[in-house]
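Ready for a few exercises on a protein structure? Have a go at each task before you read its solution.

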Amino acid sequence: MDIAAKKAVVVDFLTKCNRYADGQLAKYRGELAAAAGGDALALQDKIGHWTAYRTFNEHALGELAGRDLDDWFA
């Protein structure tokens with residue numbers, strides 16, 4: 001398997017991870033609208049974690065689009 005094919009597998013996986021994260025974010029944002037007190041704070045914390053996870057994946061996808069990580073696949 002060449003580098004491009006290996007990268008494509010990782011890109012597909014990270015894209016699926018971000019779709020899942022989008023779903024989780026939508027769910028927690030929907031729940032946040034009706035939450036109060038400690039429940040609201042817990043949901044905000046979850047939203048922050050899922051947002052950071054998604055942002056990290058986006059950064060990795062950007063690096064995979066270039067040659068920054070090619071040596072990982074050699």
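Helices here are DSSP runs of at least four residues, numbered from the N terminus. With that in hand, Lys 6 can be placed in helix α1, residues 3-32. One thing to keep in mind throughout: this is a predicted model.

**Exercise 1. Get the overall picture: how many helices and strands are there in the protein chain?**

Step 1. Go through the elements: the protein chain has 2 helices and 0 strands.

Step 2. Now check how spread out the chain is. Its radius of gyration is 16 Å, well over the 11 Å that the globule rule gives for 74 residues, so the chain is more spread out than a compact globule.

Step 3. Look at the box around the C-alpha atoms. Along the principal axes, that box is roughly 50 × 15 × 15 Å.

Step 4. Turn to burial and surface. Of the 74 residues, 26% count as buried. The chain exposes about 5,000 Å², and carbon and sulfur atoms supply 61% of that area.

Step 5. Finish with contacts. Taking those with a separation of 6 or more, 67% are between residues 24 or more positions apart.

**Exercise 2. Work out whether the length of α1 agrees with what its 30 residues should span.**

Step 1. Start from the expected span: at 1.5 Å a residue, the 30 residues of α1 should cover 44 Å.

Step 2. Compare that with the model, where the end C-alpha atoms of α1 are 42 Å apart, which agrees.

Step 3. Next, pick out the buried residues of α1, using under 20% relative accessible area as the cut-off. They are Lys 7, Leu 14, Cys 17, Asn 18, Ala 21, Gln 24, Leu 25 and Tyr 28.

Step 4. See what these buried residues face: they pack against α2.

**Exercise 3. Is Asn 57 buried or exposed, and what does Asn 57 touch?**

Step 1. Locate Asn 57: it sits in helix α2.

Step 2. Read off its accessibility. Asn 57 has a relative accessible area of 3%, so it is buried.

Step 3. List its contacts, leaving aside neighbours within four places in sequence: Leu 14, Cys 17 and Asn 18.

Step 4. Zoom in on one of these partners. The side chains of Asn 57 and Asn 18 are joined by a polar contact of 3.1 Å.

**Exercise 4. Compare two other positions, Thr 51 and Lys 6.**

Step 1. Take Thr 51, which belongs to helix α2, residues 37-65. Its relative accessible area is 31%, so Thr 51 is partly exposed.

Step 2. Find its partners. Not counting residues up to four places away in sequence, Thr 51 touches Leu 25 and Arg 29.

Step 3. Add a distance along the chain: Thr 51 and Leu 64 are 13 residues apart, and their C-alpha atoms are separated by 20 Å.

Step 4. Move to Lys 6. Its relative accessible area is 27%, so Lys 6 is partly exposed too.

Step 5. Look for its contacts: with residues up to four places away in sequence not counted, Lys 6 touches Met 1 and Phe 73.

Step 6. Try a distance here as well. Lys 6 and Ala 74 are 68 residues apart in sequence, yet 9.4 Å apart in space, C-alpha to C-alpha.

**Exercise 5. Which residues do salt bridges that share partners join into one network?**

Step 1. Recall the principle: side chains of opposite charge can pair when their charged atoms come close.

Step 2. Count the pairs: the structure holds 4 salt bridges.

Step 3. Begin inside α1. Asp 12 and Lys 16 form one of them, at 3.1 Å from N to O. These two are 4 residues apart in helix α1, so about one helical turn separates them. Asp 12 is partly exposed at 39%, and Lys 16 is partly exposed at 44%.

Step 4. Go on to Asp 22 and Arg 54, whose side chains meet in a salt bridge of 2.4 Å, N to O. Asp 22 lies in helix α1 and Arg 54 in helix α2, so this pair ties together parts that are 32 residues apart in sequence.

Step 5. Follow Arg 54 to another partner: its side chain also meets that of Glu 58 in a salt bridge, at 3.3 Å from N to O. Both residues lie in helix α2, 4 residues apart, about one turn of the helix.

Step 6. Put the pieces together: Asp 22, Arg 54 and Glu 58 are joined into one network by salt bridges that share partners.

Methods: Residues are numbered from 1 along each chain as its sequence is written. This is a predicted model: local features need pLDDT of at least 70, side-chain atom pairs count only at pLDDT 80 or more; totals for chains, interfaces and linings use all residues. Side-chain values use heavy atoms; hydrogens and water are left out. Buried means under 20% relative accessible area, exposed over 50%, partly exposed in between (1.4 Å probe, protein chains only). Contact means heavy atoms within 4.5 Å. A polar contact is a pair of N or O atoms within 3.5 Å; within protein, one must be able to donate a hydrogen and the other to accept it, and residues adjacent in sequence count only if both atoms are side-chain atoms. The expected span of a helix is 1.5 Å times one less than its number of residues. The radius of gyration is taken over C-alpha atoms; the globule rule is 2.2 Å times the number of residues to the power 0.38. Accessible areas come from the Shrake-Rupley method with a 1.4 Å probe; for residues, only the protein chains shown count as cover.
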